Structure formats: C-alpha cells, structure tokens
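Colleague: I should be grateful for a close look at a single part of this protein. Please choose one buried residue, describe its surroundings, and then place it within the whole chain.

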Amino acid sequence: MSEQTVMPEEMEQTAEELSEVLKVRREKLDKLVEEGKNPFETVTYDQTHHSKEIIDNFDTMEGMEVSLAGRMMSRRDMGKAFFCDLLDRDGKIQLYVRINDVGEEEFARFKKFDIGDIIGIRGTVFRTRRGEISVHCTHVEMLSKSLKPLPEKYHGLKDQDLRYRQRYVDLIVNPEVKDTFQIRSQIFREIRNYMDARGFMEVDTPVLHTLEIGAAARPFVTHHNTLDIPMYLRIETELYLKRLIVGGLERVYEMGRIFRNEGMSVKHNPEFTSMEVYQAYADFRDMMDLTEDLYVHLTRTICKTDVIPYQDQIINMASPWERLTMVEAVQKYAGVDYNSWADDAAARAEAEARNVHVEKNATRGEVLVAFFEEFVEEQLIQPTFIYDYPVEISPLAKRRADNPLFTERFEFFIYAREMGNAFSELNDPIDQRERFEKQVAERRAQGVNAEVDEDFLNALEYGMPPTGGLGIGIDRLVMLLTNSPSIRDVLLFPTMKPEK
C-alpha cells in the first residue's frame, strides 16, 4: 500500500454508530480540556508556507524547515509512525509523523487525533522512497477539534441538496468546488481591471428602496422600524446609476447583489450578482461592442482559449458574434414575417394559427416577442446579439428614431440563455413619465402597490446626456466559464428551503 492511499476513519454508519462516534469525540475534547490543552483556546499559529508552494518549489526547499497548518484528511498507522494528508488553503501535502522525532508524549496525543481535526506542524521537506513530496514532522499540535466526522472518502458528500446546504463540508471533501469559487473570484478581479482600464468608475448604490417601482420583477419587502415605512430590496441598480450620469459621472458601473422575489431554477436564484454599466455619449451599439470585447477578454484570460466546452456543446467565444434584429431572428427560425402583419389582429391570428399563446389584446410587438420565445431562444447556442426590441417590453429604452414601435435595445444569448441586456437609455422625461405611468397602472391592476419614481423623473428633467446602458448576469457568466450546470454551483450559499 503506497503512502498516497487514503484510509477513511469512518465508513458509512448507522445512526447509533454515528452517535457513538460523536460521543467519543466529545470525550476526547473533555480529556484535552482536563489536561489544560483546550484546542479552542488557540488564537494564532505561525504558518511559514502552504502545501502548493512546497510541492511547486521542492528542488529549492528540500531539507528546509517549514510550519504548516490545516485539516488532517487521512492517516495510516505504521505502528511507531504515521503517514497523513494535510489539507490547507492550496491543496494537500503528505506528513510523516514518527515517535522518535516528536517524542513519546506528543506522539501519544497525536494518536488520539481524529480525521478532520485542525492541526499545526513543524518539520523538514523531503521526498519519500516512493517519490512523494512530504514533510517530516518534528512537532504536531491540535489547533481545533473536529466534533463531527467528515463524509467517508469513498462515498463522499454526494447528496447535491446537502452539498448546497453544507457548503463548508462540500469545500472540504470536494476539492473541485474550491476551484470554481477561485475562478469566480478571478472573474470579478478581471472585470474590475477591464472596466477600470477603460475609464469606468465603480460605485455603490442603495440596496434598500423606499418605493416599489413598476418593473415586472417582484421585490422582497421589509420594514424600517424607526421611519415606520415599508422598504423594498432592490431588483436593479439602474435608476440610481442613471442619476449619477445626470450628475456628471460619465462612466459608472456597479457589481452588486440583486434580490427578486420570484421562482428558482438552474438559471435563477432569488439573490444574484449583476453588473450594470452606464456610459454617457454612447448608445446600445457601443454597449454591444463593449460586451463582446469583455467576454472575449475574460474567456481568453480565464480559459486560455476562445473555444470552450459548456455541458453538451462547444461554444466559440471569438469575435465576431452574430447580430440579428428580433424581426430577423423570428423570420430566420420561425419563418414568420412581422412586416406582413397589417395590424395587431393580424398578428394575433398568426399566433393562433401557429399555436403560440398570446393575450387576447396582444399587440404586434407582444406577438413578435411570443414567437421569439417559442421558436428562437432555444436556437441561440453560439453567442448572439438580438436587438431592436418592441417598445411594449422596453420601458426604459430609447425609441428608434426611424420606427418608434421598436427600441434601441439588445439582449445577448449563449447556450440558449439570456446573458445580459442593454439599451440606448431613454432620457426624455416626458416619454419616460408616460411609460412609467402606464407600467404602474398595469401593476396596480394586478394588485401591486407600485409607484412612479418621481425623484428619478426629476433627475431626468435636469437633463441626462445620451447614454448607453448594459446589465450582465455575473452568475451566468461564471456558470459558462466554469462549465457549471446550475446557478447553485457558482453561489457559495444558494437560497434553500429550510429543512424544518
């Protein structure tokens, strides 16, 4: 049996056996406390190195004394010596603990350590006869006692629901999970570097709002005790960021948590991270170019290639991405020509003939969107921009000057998923008021206590320059670049229904 062999401490246990294990661990803790060696009183430990640093630099570190700390993940009893695996921030490294090197008293205490205990060690770097880089320990001490056993290695933490609930255990026993979140952190850094290098300023805007706006997404509602008013967790950062454009901050962005009181799926979590970007004196086509360039940059930086696997598909992220108007996309994939509809009734008749559900008073634009959702979205596997959205579903976008039934808006899709949304922002306060009032009236008819954001309209009346705006779902971006099937795989603590 090689030194690399992992020997799990506990195999799958009955409830009675597990109860006995927990009891034994508590008794070990009590014994340590009686001896004046309570591990929970340890406040610091001097780590001189981490596992990966030693493994990567063995040639220069062989024979060097090091001090490491981490979780004991396995051990093999050789009688008067043990081989162990220590898991720290960067990975695993093997330890060799021998009675002659640490002394009888310390060795006797070490023999009572459990898998999962947090330990600190000092020793010298060496390579075993079988070639494994290891640390020959001269001192071992417990820094924190694990009172619960880890899932045994051969079966691991397989229950996906339990992995999301107990992410702390998931990170311990499934090393690839840590990789995903290290990449997530890298993506955030790279986005900030990219935006900052292009003159954008990162800002923070309020999470708590004092009114429920007319947008379609439902907010979470709370109550401010001192002011004695209801408050709403934000469903977007848009309106505050546009206020900053009015104030003269010409390029701003915010990466922040958004809260929507809606359903959950592999693509949706009630709280998620988005980035919104606003650039004065730009339009939606500038945002299109920015989006494509950002995604290509991130893919090359993170994945080191333009062509990446995602689930059952190979995605080519290289420029240029396909760009289609919504009318062109529906004609291409559904064989339906929006321009052939003489009026709203003709559009609804076509929908009925094609068995596409629309409301009884649906407009041509709403019917176009229904055809898009029914026939087009599932076809958009490779990166694709869809632009020129009907005004009915774009209350914050500027109308096309040559066709006021459509707006200067795009969404982009990868793997048949909407990844982001952008506008040439509406800066006409009169038009904006009309759209807000219509939207609020529709929401109130549904029983929602929505209000017009008068302060935002007041800001627009001071004058907002022509502006391009962009919103990107950061979690879906992380899913794409880490080949993760569910949004829960890229959130450290996804929203879960309570067990009890």
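Modeller: A polar contact of 2.7 Å links the side chain of Asp170 to that of Arg163. This is a predicted model, and every value given here is computed from it. Asp170 has a further polar contact, of 2.6 Å, between its side chain and that of Asn174. The residue belongs to helix α7, which covers residues 167-173.

Is Asp170 buried or exposed? Its relative accessibility is 0%. Since buried means under 20% relative accessible area, Asp170 counts as buried because its value is 0%. The picture at this site is therefore of a buried Asp170 whose side chain has polar contacts with the side chains of Arg163 and Asn174.

Two other helices may be set beside this one. Helix α16, residues 474-482, is mostly covered, and nine of its nine residues are buried. Among them are Asp475 and Arg476, as well as Leu477, Val478 and Met479. Just after α16 comes Asn483, which takes a positive phi of about 55°.

Helix α10 spans residues 284-303 and contains Arg285. With a relative accessibility of 41%, Arg285 counts as partly exposed, because partly exposed residues lie between the limits of 20% and 50%. Arg285 also illustrates how the fold brings together distant parts of the sequence: Arg285 and Phe423 are 138 residues apart in sequence, while their C-alpha atoms are 8.7 Å apart in space.

The whole chain gives the setting for these details. Its secondary structure consists of 16 helices and 19 strands. Of its 500 residues, 51% are buried, and Asp170 is one of the residues that count as buried. For contacts between residues at least 6 apart in sequence, 65% join residues at least 24 apart.

As for overall dimensions, the C-alpha trace spans about 90 × 55 × 50 Å along its principal axes. The radius of gyration is 29 Å, whereas a compact globule of 500 residues would have a value near 23 Å. The chain exposes about 24900 Å², and carbon and sulfur atoms supply 48% of that area. Finally, the chain carries 64 positive and 89 negative charges, and the mean positions of these two sets are 5 Å apart.

How values were computed
Residues are numbered from 1 along each chain as its sequence is written. This is a predicted model: local features need pLDDT of at least 70, side-chain atom pairs count only at pLDDT 80 or more; totals for chains, interfaces and linings use all residues. Side-chain values use heavy atoms; hydrogens and water are left out. Helices (H or I, at least four residues) and strands (E, at least two) are DSSP runs, numbered from the N terminus. The radius of gyration is taken over C-alpha atoms; the globule rule is 2.2 Å times the number of residues to the power 0.38. Buried means under 20% relative accessible area, exposed over 50%, partly exposed in between (1.4 Å probe, protein chains only). Contact means heavy atoms within 4.5 Å. Accessible areas come from the Shrake-Rupley method with a 1.4 Å probe; for residues, only the protein chains shown count as cover. Lys and Arg count as positive and Asp and Glu as negative; His and the chain ends are not counted. The place of a charge is taken as NZ of Lys, CZ of Arg, CG of Asp or CD of Glu. A polar contact is a pair of N or O atoms within 3.5 Å; within protein, one must be able to donate a hydrogen and the other to accept it, and residues adjacent in sequence count only if both atoms are side-chain atoms.
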